[in-house]
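Subject: Handing over the structure

Hello,

Here is the structure I promised to pass on to you. Please open it beside this message, and then read on for what I found in it.

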Amino acid sequence: MLILAGLGNPGTKFARNRHNIGAMAVDAIAERWCFGPERARFSSIAREGAIQTEAGQVRALILKPQTYYNDSGRAVGDALKFYKLNPEDVVVFYDEIDMAPGRFRMKAGGGAAGNNGVRSITAHIGPYFRRARLGTGHPGDKDLVHGHVLSDFHKADLVWVKPLLEAVADAAPFLAAGDDERYQAEVMRLAPSAKLDPRKAARGEE
């Protein structure tokens, strides 16, 4: 079984924020693979279902913590303990400002790189969970980061947001099978995006 946790802030006010693309991603997976209805569990909105792989179905729990982004670890930790799973059975989807918009990268373990949601999860379950990082771009100046992540995607962003979310969902069998490298490659094949330096791009230098 897998726990697929999508980070974001709760409520309609934040629903379309860049910071909530992780929650949008797990929603897309739940819809694509016909997961069950939403329920309140583990201080989260949760949905249960299965993803079909070549080797058969893999059960999964979609988890959208409602504890606010920076305290996501409490919800993920509670679910992990309840199902008696290992950190390697957790995939966390979240926004990555140090990647160009539309880029996608998988990573297992490592540090938080300034992401407070990842830091919170690490504090509760350790660093050895799988990370699905969705590039949202950088505003170009560190003083603008807070407003950037808590602002909504613009209409112009939909040209890459929508295909990226669809690709994350369509390629999910590779994720469920534990082949993160193939999952990453398939997402980028389905939703190709230019590899740019996000800071330079924001300043018009690329």
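How many positive and how many negative side chains does the protein chain have, and how far apart do the centres of the two sets lie? There are 28 positive and 25 negative side chains, and the two centres are 2 Å apart. Please keep in mind as you read that this is a predicted model.

**The chain as a whole**

Eight helices and seven strands make up the list of elements in the protein chain. The radius of gyration is 16 Å, close to the 17 Å that the globule rule gives for 206 residues, so the chain is as compact as a globular protein of that length. If you want a feel for its extent, the C-alpha trace spans about 50 × 35 × 30 Å along its principal axes.

Of the 206 residues, 54% are buried. The surface that the protein chain exposes comes to about 9,800 Å², and carbon and sulfur atoms supply 51% of that area. Contacts across the sequence are worth a look too: among those between residues at least 6 apart, 67% join residues at least 24 apart.

**Strand β7 and its partners**

A good place to begin is β7, which covers residues 130-135. This strand is mostly covered, with six of its six residues buried. In a regular strand the side chains alternate between the two faces of the sheet. In β7, Arg130, Ala132 and Leu134 point one way, while Arg131, Arg133 and Gly135 point the other way. The residues of both sets are all buried.

Which strands pair with β7, and in what sense? Strand β5 (residues 90-96) runs parallel to β7, and six bridges join the two. If you would like a pair of residues to find on screen, Asp95 stands opposite Leu134 of β7. Strand β6 (residues 104-108) pairs with β7 in the antiparallel sense, over five bridges. There, Met106 has Ala132 of β7 as its bridge partner.

**Strand β4 and its partners**

Next, please turn to β4, which covers residues 56-65. Seven of its ten residues are buried, so this strand is largely enclosed by the rest of the structure.

Strand β3 (residues 44-53) pairs with β4 in the antiparallel sense over ten bridges. A hairpin joins β3 to β4 through two residues. One of the bridge pairs to look for is Ile45 with Lys64 of β4. Strand β1 runs parallel to β4, and four bridges join them. In this pairing, Leu4 stands opposite Ile62 of β4.

**Two buried residues**

Is Asn20 buried or exposed? Asn20 is buried, with a relative accessible area of 4%. You will find Asn20 in the loop between β1 (2-6) and α1 (21-32). Leaving aside residues up to four places away in sequence, Asn20 touches Leu7, Gly8, Asn9, Phe14 and Ala15.

The other one is Val149, which belongs to helix α4 (residues 145-149). Val149 counts as buried, at 8% relative accessibility. With residues up to four places away in sequence again left out, Val149 touches Asn17, Arg18, His19, Asp95 and Ile97. You may recognise Asp95 from above, as the residue opposite Leu134 in β7. Val149 and Pro139 are ten residues apart in sequence, and their C-alpha atoms are 9.0 Å apart in space.

**Two residues with positive phi**

Finally, here are two loop residues whose backbone angles caught my eye. Cys34 is not a glycine, although it has a positive phi of about 55°. Its place is in the loop between α1 and β2 (39-41). Cys34 is exposed, with a relative accessible area of 67%.

Ala113 likewise has a positive phi in a residue other than glycine, with a value near 50°. Ala113 sits in the loop between β6 and α3 (116-125). At 69% relative accessibility, Ala113 counts as exposed.

Happy exploring, and all the best!

Methods. Residues numbered from 1 in each chain as written. Predicted model: local features only at pLDDT ≥ 70, side-chain atom pairs only at ≥ 80, totals over all residues. Heavy atoms only, no water. Buried < 20%, exposed > 50% of the residue type's maximum accessible area, 1.4 Å probe, protein only. Pairing = 2+ DSSP bridges. Rg over C-alpha atoms; globule rule 2.2 N^0.38 Å. Contact = heavy atoms within 4.5 Å. Areas by Shrake-Rupley, 256 points an atom, 1.4 Å probe, with all protein chains shown as cover. Lys, Arg positive; Asp, Glu negative; His and termini not counted. Charge placed at Lys NZ, Arg CZ, Asp CG, Glu CD.
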